[in-house]
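Q: I have a sequence and a 3D structure open. Can you show me how to read a helix and a sheet?

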Amino acid sequence: MTDDADDGLTYAGAGVDIGASEAATAALVGAVDDEDGEGDYAGLIDIGGQYLALATDGVGTKLLVAEAVGDYSTVGIDCIAMNANDLVAAGVDPVAFVDYLAVDEPDEGTAAELGAGLATGAERADVALVGGETAVMPEVIRGLDIAGTCAGLADESDLFGEATVGDALVGFPSSGIHSNGLTLAREAATRAGSYDDLFPDSEKTVGEVLLEPTRIYTDLPLHSHDTHAAAHVTGGGWTNLTRMGAHRYEITNPLPVPPVFEFIADQGDVADEELYRTFNMGMGFIAALAPDDAAALADATDGQVVGHVTEGTGVATDGLELD
């Protein structure tokens, strides 16, 4: 990886300006101005004694990799994972999922692959698939897009709050690139090669590595270890940690960086700061707990104590400062 890449790729240069996206989202939320469904990773609605939680998301331009290599078999897993993991980060147990597929023209084979992925994702997340919608819109859609909504239930006491200064941070490994930053990753991967090239030191192709489905974190025993707050590391990379509260998050013992991110850095000449602002960098989910509880959670899972919460702002790791 590189510390300076003046001529290297950036997420904004590849076509996705995170700042502009956040501003547009804020404008949308401001226009709706509904305080009855407030939440961070999930919309929360008090239904009397319990909260109904809802999250909605898609898989982004990972679909273009699937289209390029002719394999849609895993993106249904991603669709469920992106939504279920958001509920987990809120402290909610996901219970049901509904999908929305928009296509320019129906294709039975593609639909079957997407359906198989959704079924696998639902099994991994332990949620029920409760129907969905397929819309044929040739004047709106080129190819296809898939998104979905996940619903869950939680008692108020189950909902996570904010991290506390002095908390330790437990990081959980990602399965790879997950479903964020693919616009930048695709640009880097095809800058001087193709998806059909063999990935370095692997029997898989570049396309297969990029399509590795998102890990689902519903099996983490977060509540039994008194988790204070959690973060699903999605768009925005490690800046997602600041969603756990306005503190400083110091990562002093990070999880290993998977080869896919080294590959993106090398192929696209992508600077380290850009990488950590865009990708999970091997850490797909993070929990904040009291130090003793953090150690116990790490021992009970494949997690690792990666840092701690201090006074201040932003995220710091290995000389990088991320706001």
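A: Start on the outer face of helix α5, where Glu108 and Glu123 are exposed. Exposed means over 50% relative accessible area, buried under 20%, and partly exposed in between (1.4 Å probe, protein chains only). Helices (H or I, at least four residues) and strands (E, at least two) are DSSP runs, numbered from the N terminus.

Q: What kind of model is this, and how are residues numbered?
A: This is a predicted model: local features need pLDDT of at least 70, side-chain atom pairs count only at pLDDT 80 or more, and totals for chains, interfaces and linings use all residues. Residues are numbered from 1 along each chain as its sequence is written, and side-chain values use heavy atoms, leaving out hydrogens and water.

Q: Which residues of α5 are buried?
A: An α-helix has 3.6 residues a turn, so residues three or four places apart point the same way. In α5 the buried residues are Thr110, Leu114, Gly117, Leu118, Gly121, Ala122 and Ala125. They fall within an arc of 135° seen down the axis of α5, so they line one face of the helix. The arc is that of the directions from the helix axis to the C-beta atoms.

Q: What do the buried residues of α5 pack against?
A: Look for contacts, meaning heavy atoms within 4.5 Å. Here the partners are α4 (75–90), β3 (93–103), β4 (128–136) and β5 (144–154).

Q: What is found at the start of α5, and what just after α5?
A: Check for a polar contact: a pair of N or O atoms within 3.5 Å; within protein, one must be able to donate a hydrogen and the other to accept it, and residues adjacent in sequence count only if both atoms are side-chain atoms. At the start, a side-chain oxygen of Asp107 comes to within 3.3 Å of the backbone nitrogen of Gly109. Just after α5, Asp126 has a positive phi of about 60°.

Q: In what order do the strands of the open sheet run?
A: Two strands pair if DSSP finds at least two bridges between them. The seven strands are ordered β7-β9-β6-β10-β8-β11-β12, with mixed pairing. β7 (229–232) and β12 (320–322) are at the edges with a single partner strand each, so one side of each lacks a neighbour in the sheet.

Q: How does β8 pair with β10 and with β11?
A: Strand β8 (residues 248–251) runs antiparallel to β10, joined by four bridges. Glu250 stands opposite His308 in β10. With β11, β8 pairs in the parallel sense over four bridges. There, Ile251 stands opposite Thr317.
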